Amino acid sequence: MIRAAIAGASGYVGGELIRWLLGHPEVELVGASSERLAGQPLQRVHPHLRGRARSRFCRMDELPSCDVLFLALPHGRAARRIDALADRAERIVDCSADFRLSDADNYARWYGEPHPAPEWLERFAYGLPELQRGDLGGARYVSGVGCNATAVQLALAPLERAGLLSREQPVVAEVKVGSSEGGASSSDASHHPVRSGCVRSYAPVGHRHAAEVEQTFEGLELHLSITAVEMVRGALATCHLRIDQDVSERDLVRAYGSYAAERPFVDVLHERAGPYRHPEPKLVTGTNRAQIGFALDAERGRVVSLCALDNLGKGAAGTAVQSMNLMFGLDETAGLDFGGIHPL
Ligand SMILES: NC(=O)c1ccc[n+]([C@@H]2O[C@H](COP(=O)([O-])OP(=O)(O)OC[C@H]3O[C@@H](n4cnc5c(N)ncnc54)[C@H](OP(=O)(O)O)[C@@H]3O)[C@@H](O)[C@H]2O)c1
């Protein structure tokens with residue numbers, strides 16, 4: 001069995017990691033940390049795991065040595081102590097944004113401060129198996145992914161693969177997100193009477209996840225806006241782009257279909273009738289799956305490309321476990337086959 005531990009296990013991503021790892025056939029969860037709740041049972045903050053998660057939180061410096069350490073800490077915490085953390089584990093998957101950008105200058109530009117451990121940046125592979133699967137087999141250090149960045153990248157990837165993602169025109173992407181993106185700590189902005197019913201323009205410009213997308217699709221100019229809407233989990237990316245070639249509906253059906261066919265957690269949702277004609281976050285809640293789809297405005301040479309996912313699943317913990325599977329040479333899908341529920 002692979003001995004796995006989680007630092008930052010009391011948060012929302014940490015809770016999802018516990019849920020996936022407890023059901024993983026090849027993994028034994030040997031430690032879960034919380035500074036605030038050390039000594040308390042895991043189920044105290046993860047009540048849905050009652051009866052399954054029987055152990056207690058420990059402090060981060062009490063985590064046992066392990067084969068793989070998942071980091072689900074707030075931004076900046078992992079990078080500041082990465083040497084000490086790496087002493088504790090053969091392999092690391094970091095869910096924060098600390099090691100997603102490979103270039104230290106680019107990091108400083110987007111995060112407004114120098115990277116605390118720039119020498120570590122090139123040791124981390126970007127952990128989105130749907131795009132960088134080849135970099136993950138046998139990797140020791142893998143970064144997690146930005147949930148909004150993942151939704152945009154999976155919306156654009158089929159077009160890139162088909163040679164249809166032009167660098168001549170910018171892409172405009174709007175991502176609608178649920179409240180769990182903000183993590184488990186509350187604030188004035190997340191107080192229920194304030195947050196409930198909101199359609200909040202959270203980051204009309206300048207969202208940091210744009211940097212990940214532009215790193216993946218070199219030369220692309222992305223205009224990204226994030227809007228917080230009335231849901232707890234989920235992200236829906238709606239990407240607007242111009243196509244400078246003649247494409248038909250059939251070309252796009254083929255492009256999206258062949259992209260998804262090679263990726264076990266990507267499904268195309270493109271129906272002419274029924275209530276679910278396009279990707280819908282609700283349908284992938286609690287899963288590691290992403291739905292992709294599109295609409296073509298052939299007359300104007302315009303495509304709207306869509307991706308729906310669960311920000312805590314495919315957008316964070318699910319993808320982290322999928323990366324771990326590849327790092328250890330396991331079946332990519334091991335432990336991740338929960339397929340969602342309907343109605344919800
Ligand atoms: N939420 C999402 O949709 C999402 C998606 C993708 C990636 N991510 C990334 O994943 C990471 C975790 O996100 P989250 O939403 O799970 O956050 P969260 O709910 O706020 O959880 C943060 C965790 O970090 C621990 N922590 C806080 N301050 C700490 C400190 N100074 N030292 C050690 N541990 C500390 C907390 O534990 P205690 O306070 O109990 O000690 C808690 O377990 C973040 O970097 C986030 O950017 C989040």
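# How the helices and sheets fit together

Q: What are the angle and the axis distance for the packing of α6 and helix α8?
A: In this predicted model, α6 and α8 (residues 209-216) pack at about 35°, and their axes are 8 Å apart. Those two values are a good place to start, because two packed helices are described by the angle between their axes and the distance between the axes. The crossing of α6 and α8 is right-handed.

Q: How do you know which residues of α6 and α8 meet?
A: Two residues are in contact if their C-beta atoms lie within 7 Å. On the α6 side the residues are Asn148, Ala149, Val152 and Gln153, and on the α8 side they are His209, Glu212, Val213 and Thr216. Sorted by class, this contact has 3 nonpolar, 4 polar and 1 charged residues. Glu212 is the charged one, because Glu counts as charged.

Q: Why is α6 called roughly perpendicular to α9?
A: The axes of α6 (residues 147-161) and α9 (residues 249-261) come within 9 Å and cross at roughly 110°. Angles of 65 to 115 degrees count as roughly perpendicular, and therefore α6 is roughly perpendicular to α9. This crossing is right-handed.

Q: What makes up the contact of α6 with α9 by class?
A: There are 6 nonpolar residues, no polar ones and 1 charged residue. From α6 come Ala157, Pro158, Leu159 and Arg161, and from α9 come Ala255, Tyr256 and Tyr259. Arg161 is the charged residue, because Arg counts as charged.

Q: Why is α5 called roughly parallel to α10?
A: Here α5 and α10 pack at about 30°, with 10 Å between their axes. Angles under 35 degrees count as roughly parallel, so α5 is roughly parallel to α10. The crossing of α5 and α10 is right-handed. Pro129, Arg133 and Leu136 of α5 meet Thr319, Gln322, Ser323, Leu326 and Met327 of α10. By class, the contact of α5 with α10 has 4 nonpolar, 3 polar and 1 charged residues.

Q: What makes β2 and β5 edge strands?
A: Let's look at their sheet. It is open, with 6 strands in the order β2-β1-β3-β4-β6-β5 and parallel pairing. β2 (27-33) and β5 (124-126) each have a single partner strand, so one side of each has no neighbour in the sheet. From one strand to the next, the twist averages 25°.

Q: How do you know that β4 and β6 count as paired?
A: Two strands pair if there are at least two bridges between them. β4 (residues 89-94) and β6 (residues 141-143) run parallel and are joined by 3 bridges, so the condition is met. Within this pair, Val93 stands opposite Val142 in β6.

Q: Which helices lie across strands of this sheet?
A: Helix α1 (residues 12-22) lies across β1 (2-7), β2 and β3 (66-71), and runs at about 160° to β2. Helix α10 lies across β3, β4 and β6, at about 145° to β4.

Q: What makes β8 and β11 the edge strands of the 7-strand sheet?
A: This open sheet has the order β8-β9-β7-β10-β13-β12-β11 and mixed pairing. β8 (200-203) and β11 (266-268) each pair on one side only. The average twist from one strand to the next is 25°.

Q: How do you know that β12 and β13 count as paired?
A: These strands are joined by 8 bridges, and at least two are needed, so they pair. β12 (residues 290-297) and β13 (residues 302-309) run antiparallel. Gln291 stands opposite Ala308 in β13.

Q: Where do the domains of the chain begin and end?
A: The domain assignment gives domain 1 as 2-145 + 313-327 and domain 2 as 148-309. Their C-alpha centres lie 25 Å apart. Domain 1 gives 19 residues to the contact, and domain 2 gives 25 residues.

Q: Which element gives the most to the side of domain 1 that touches domain 2?
A: That is α10, with 6 residues. The elements giving two or more residues to this side are α4 (104-111), α5 (129-136) and α10 (313-327). By class, this side divides into 8 nonpolar, 8 polar and 3 charged residues.

Q: Which residues does a cis peptide bond join?
A: His342 and Pro343 are joined this way, with omega about 0°. Pro343 lies in the segment after α10.

Methods:
Residues are numbered from 1 along each chain as its sequence is written. This is a predicted model: local features need pLDDT of at least 70, side-chain atom pairs count only at pLDDT 80 or more; totals for chains, interfaces and linings use all residues. Axes are lines fitted to C-alpha atoms, for helices over the stretch in contact, and angles run from 0 to 180 degrees between N-to-C directions. Helices (H or I, at least four residues) and strands (E, at least two) are DSSP runs, numbered from the N terminus. Angles under 35 degrees count as roughly parallel, over 145 as roughly antiparallel, 65 to 115 as roughly perpendicular and the rest as oblique. A crossing is left-handed if the near helix is turned anticlockwise from the far one by less than a right angle, and right-handed if clockwise. Domain bounds come from an automatic or database domain assignment.
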